[in-house]
Amino acid sequence: LEGSYEDIEIFSASPSPVERKALYYRYHVLLRSVSPSSLLRFTGDLLSRISLHSSLYLEIDTDPVSLM
């Protein structure tokens, strides 16, 4: 990824507290930074570079109220 993202902590993927919903398995990957703008740049840069298999769904929730 371009740019400097040294201030971002990435925590490894873990199953969601509600691990399965309908036919889908859910996982969380948490990102943390003191700079919201850095997180937005990082996620935008990441999304522009990846392609997901059609069977995968990706949702990004900034400032989640809950991790459920």
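Leu46 lies in helix H1, and I shall begin there. The model on the screen is a predicted one, and every value I quote has been computed from it. Helix H1 covers residues 36–49. Is Leu46 buried, partly exposed or exposed? With a relative accessible area of 32%, Leu46 is partly exposed, because that category runs from the 20% limit for buried residues to the 50% limit for exposed ones.

Leu46 also belongs to a group. Together with Leu47, Ile50, Leu52, Leu56, Leu58 and Ile60, Leu46 forms a nonpolar patch on the surface. The accessible area of these residues together is about 580 Å². As for distances, Leu46 and Ile10 are 36 residues apart in sequence, and their C-alpha atoms are 13 Å apart in space.

Let me now place the helix in the whole chain. The secondary structure consists of one helix and four strands. Along the sequence, these elements follow the pattern β-β-β-β-α. The C-alpha trace spans about 40 × 25 × 20 Å along its principal axes. The chain has 68 residues, of which 16% count as buried. Its exposed surface comes to about 5,900 Å², and carbon and sulfur atoms supply 57% of that area.

How much of the contact pattern links residues 24 or more positions apart? Among contacts with a separation of 6 or more, such pairs account for 46%.

I return to helix H1 in order to consider two of its buried residues. The first I shall discuss is Ser38, which lies in this helix. Ser38 has a relative accessible area of 2% and is therefore buried, since the limit for that term is 20%. Which residues does Ser38 contact, once its neighbours within four places in sequence are left aside? They are Tyr5, Asp7, Ile8 and Ser33.

The next is Thr43, also in helix H1. At a relative accessible area of 14%, Thr43 is likewise buried. Not counting residues up to four places away in sequence, Thr43 touches Leu31 and Ile60. Ile60 is one of the members of the nonpolar patch that I described earlier. Thr43 and Leu31 are twelve residues apart along the chain, and 9.5 Å separates their C-alpha atoms.

Leu31 appears in a further pair, this time with Thr62. Thr62 lies in the segment after H1. The two residues are 31 residues apart in sequence, while their C-alpha atoms are 9.5 Å apart in space. Thr62 has a relative accessibility of 54% and so counts as exposed, because the limit for that term is 50%.

I turn next to charge. The chain carries 6 positive and 9 negative side chains, and the centres of the two sets lie 8 Å apart. Side chains of opposite charge can pair when their charged atoms come close. How many salt bridges does the chain contain? The count comes to two.

One salt bridge joins the side chains of Glu9 and Arg32, with a distance of 3.0 Å from N to O. Glu9 is in strand E1, residues 9–10, and Arg32 is in strand E4, residues 31–32, so this pair ties together parts that are 23 residues apart in sequence. Glu9 is partly exposed at 37% relative accessible area, and Arg32 is partly exposed at 46%.

The other salt bridge is between the side chains of Asp45 and Arg49, at 2.8 Å from N to O. Both residues lie in helix H1, four residues apart, which is about one turn of the helix. Is Asp45 buried or exposed? Asp45 is buried, with a relative accessible area of 13%. Its partner Arg49, at 44%, counts as partly exposed.

My last residue is Ala22, which lies in the loop between strand E2, residues 14–21, and strand E3, residues 24–28. Most residues other than glycine have a negative phi. What is the sign of phi at Ala22? Although Ala22 is not a glycine, its phi is positive, at about 60°. Ala22 is also exposed, with a relative accessible area of 65%.

To close, I suggest keeping two places in view as you examine the predicted model. One is helix H1, which holds the Asp45 and Arg49 pair. The other is the loop that contains Ala22, between strands E2 and E3.

Notes. Residues are numbered from 1 along each chain as its sequence is written. This is a predicted model: local features need pLDDT of at least 70, side-chain atom pairs count only at pLDDT 80 or more; totals for chains, interfaces and linings use all residues. Side-chain values use heavy atoms; hydrogens and water are left out. Patches are made of residues with over 30% relative accessible area and no salt bridge: like charges are joined within 9 Å, nonpolar side chains (Val, Leu, Ile, Met, Phe, Trp, Tyr) within 5 Å. Accessible areas come from the Shrake-Rupley method with a 1.4 Å probe; for residues, only the protein chains shown count as cover. A salt bridge is a side-chain nitrogen of Lys or Arg within 4 Å of a carboxyl oxygen of Asp or Glu. Helices (H or I, at least four residues) and strands (E, at least two) are DSSP runs, numbered from the N terminus. Buried means under 20% relative accessible area, exposed over 50%, partly exposed in between (1.4 Å probe, protein chains only). Contact means heavy atoms within 4.5 Å. Lys and Arg count as positive and Asp and Glu as negative; His and the chain ends are not counted. The place of a charge is taken as NZ of Lys, CZ of Arg, CG of Asp or CD of Glu.
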